[in-house]
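Work through the exercises below with the structure open beside you. Try each task before you read its solution.

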Amino acid sequence: MLKFTLLCLLSSYVRGFNANRNQTPRLKLTQSFSSLSMVTSKPSNIIPPQWYEDMLEWALDGNDSAPLVTIQPSMTNQGHGLYAARDFNADEVLFEIPANKCLSLEQAWNHPHLGKSLRTLAEGSNDIHAGNIAVLAAYLAIELVNDARAEFEDNSILESPYSPYLKTLLTGIKGVTVLDHVLHWSSSDVDVLFSGTLAHEKVVALRHWVGVQSKVILDLLMNDLFDNEISVSESQVATIIILAFISVLGRSFQDDDKFGIRGLQMMVPVLDMAHYSHDPNIKCRITTTNSVVVQAARDIQEGQELVIGSPTEESELQEIEFFVSVGLIPKKSPTFDYEKALQKKEMPPWLITKILQN
């Protein structure tokens with residue numbers, strides 16, 4: 001079964017990171033989410049509604065599902081969400097995303113220039129899932145660079161085949177809203193906001209791991225661009241790589257039953273617009289051709305927002321790990337002991353306050 005996954009750092013490997021800063025911290029995958037409450041209220045650009053419509057038309061091309069779902073401002077969270085355009089019975093199919101519209105490890109490994117290097121990057125990781133995340137981030141960065149070049153040179157031929165989807169990611173490319181994530185923060189900000197808490201160790205560990213992987217990916221991409229006589233600023237590519245990591249950390253999905261021990265890691269357009277809930281009304285599965293089928297988990301009425309399962313129920317994911325990996329405030333959990341988390345200094349008081357208010 002396809003699981004919607006969110007990358008988080010395990011406490012045992014945070015301790016290992018502190019003991020050996022050259023070791024890649026072990027990472028665990030749980031569940032993925034789209035645009036939830038932003039950490040700050042900094043002004044940002046709004047994604048034009050037409051971009052969402054273009055993405056839906058592109059992702060659902062070739063099947064009859066296009067009019068069955070819409071993307072509108074969320075009624076349960078900030079940002080946009082996914083909605084049913086008609087009534088659905090339990091287990092009825094809402095839509096299907098073809099494999100060629102998803103960014104996956106298989107496509108990364110088959111890249112004409114960098115496929116072999118990306119496979120080596122994955123195999124060289126101390127943790128399988130961490131390696132998968134790094135490869136998917138590298139592949140997404142490649143496509144984002146293509147789109148950036150197309151925009152800069154005003155040449156649509158250079159656009160990524162995933163361009164309609166890339167526009168809707170919270171990455172800053174083409175003026176899209178920039179997600180406020182710990183990877184964007186300065187070390188001094190991290191120290192001030194998280195000092196004295198377990199969250200501080202997790203933030204530092206994630207920033208270190210992404211920093212190490214980003215340098216490797218930057219070398220791969222810049223060498224490939226040079227070999228193909230493409231002139232792109234190294235600083236711009238470095239920024240795009242960080243933005244790609246942020247998107248993959250919060251929006252990638254996993255199926256351990258695919259491709260043996262390394263599993264299937266992918267980004268699925270449209271589906272990642274669904275917010276999470278402790279009372280989900282949609283579920284999903286992956287077909288033998290690696291397309292993603294989304295079904296009604298129960299009866300759904302027209303106009304109802306579509307939501308996926310809560311991460312805390314599936315994986316016992318802690319709020320701090322969600323915040324650190326995705327950079328968004330999670331919804332208040334009915335099972336999480338916030339008072340205990342405050343007493344044990346797992347999270348700073350300001351973060352607990354924001355969660356309780358969400």
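The exercises go from the whole chain to sheets, a helix and single residues. Keep in mind that this is a predicted model.

**Exercise 1. The whole protein**

Find how many helices and strands the protein has, and what share of its residues is buried.

Solution.
- Step 1: Count the elements. The protein has 13 helices and 15 strands.
- Step 2: Turn to burial. The cut-off for buried is under 20% relative accessible area. Of the 358 residues, 55% count as buried.
- Step 3: Look at the surface. The protein exposes about 15500 Å², and carbon and sulfur atoms supply 50% of that area.
- Step 4: Check the contacts. Take those with a separation of 6 or more: 70% of them link residues 24 or more positions apart.

**Exercise 2. A sheet of four strands**

State the strand order of the open four-stranded sheet, then explain why β5 and β11 count as its edges.

Solution.
- Step 1: Read the order. It is β5-β6-β14-β11, and the pairing is mixed.
- Step 2: Find the edges. β5 (69-73) and β11 (275-277) each have a single partner strand, so one side of each has no neighbour in the sheet.
- Step 3: Add the angle. On average, neighbouring strands here are turned by 60° against each other, direction ignored.
- Step 4: Zoom in on one pair. β6 (residues 80-84) and β14 (residues 305-309) run antiparallel and are joined by two bridges. Tyr 83 has Glu 305 of β14 as its bridge partner.
- Step 5: Place the helix. α2 (residues 49-59) lies across β5 and β6, and runs at about 160° to β5.

Strands of a sheet pair through backbone hydrogen bonds, either parallel or antiparallel.

**Exercise 3. A sheet of three strands**

Give the strand order and the kind of pairing in the open three-stranded sheet.

Solution.
- Step 1: The order is β7-β13-β12, with antiparallel pairing.
- Step 2: β7 (93-97) and β12 (282-286) are the edge strands, since each pairs on one side only.
- Step 3: Neighbouring strands of this sheet are turned by 20° against each other on average, direction ignored.
- Step 4: Now take β7 and β13 (residues 292-296). Four bridges hold this antiparallel pair. Within β13, Gln 295 stands opposite Val 93.

**Exercise 4. Two faces of a helix**

Which residues of α13 are buried, and which exposed residues sit on the face turned away from them?

Solution.
- Step 1: List the buried residues. In α13 (residues 349-357), Leu 351, Ile 352 and Ile 355 are buried.
- Step 2: Compare directions. These residues cover an arc of only 100° around the axis, which puts them on the same side of α13.
- Step 3: Recall the geometry. An α-helix has 3.6 residues a turn, so residues three or four places apart point the same way.
- Step 4: Turn the helix over. The face away from the buried side carries the exposed residues Pro 349 and Gln 357.

**Exercise 5. Single residues**

Decide whether Ser 104 is buried or exposed, and list its contacts beyond four places in sequence.

Solution.
- Step 1: Locate Ser 104. It belongs to strand β8 (residues 103-104).
- Step 2: Apply the cut-off. Ser 104 has a relative accessible area of 6%, so it is buried.
- Step 3: List the partners. Beyond its neighbours within four places, Ser 104 contacts Leu 136, Tyr 139, Leu 264, Gln 265 and Met 266.

Next, what are the relative accessibilities of Cys 102 and Cys 284?

Solution.
- Step 1: Cys 102 is at 0%, so it is buried.
- Step 2: Cys 284 is at 7%, so it counts as buried.
- Step 3: Check for disulfides. The structure holds zero.

How values were computed
Residues are numbered from 1 along each chain as its sequence is written. This is a predicted model: local features need pLDDT of at least 70, side-chain atom pairs count only at pLDDT 80 or more; totals for chains, interfaces and linings use all residues. Side-chain values use heavy atoms; hydrogens and water are left out. Buried means under 20% relative accessible area, exposed over 50%, partly exposed in between (1.4 Å probe, protein chains only). Contact means heavy atoms within 4.5 Å. Accessible areas come from the Shrake-Rupley method with a 1.4 Å probe; for residues, only the protein chains shown count as cover. Two strands pair if DSSP finds at least two bridges between them. Axes are lines fitted to C-alpha atoms, for helices over the stretch in contact, and angles run from 0 to 180 degrees between N-to-C directions. The arc is that of the directions from the helix axis to the C-beta atoms. A disulfide is a pair of cysteine sulfur atoms within 2.5 Å.
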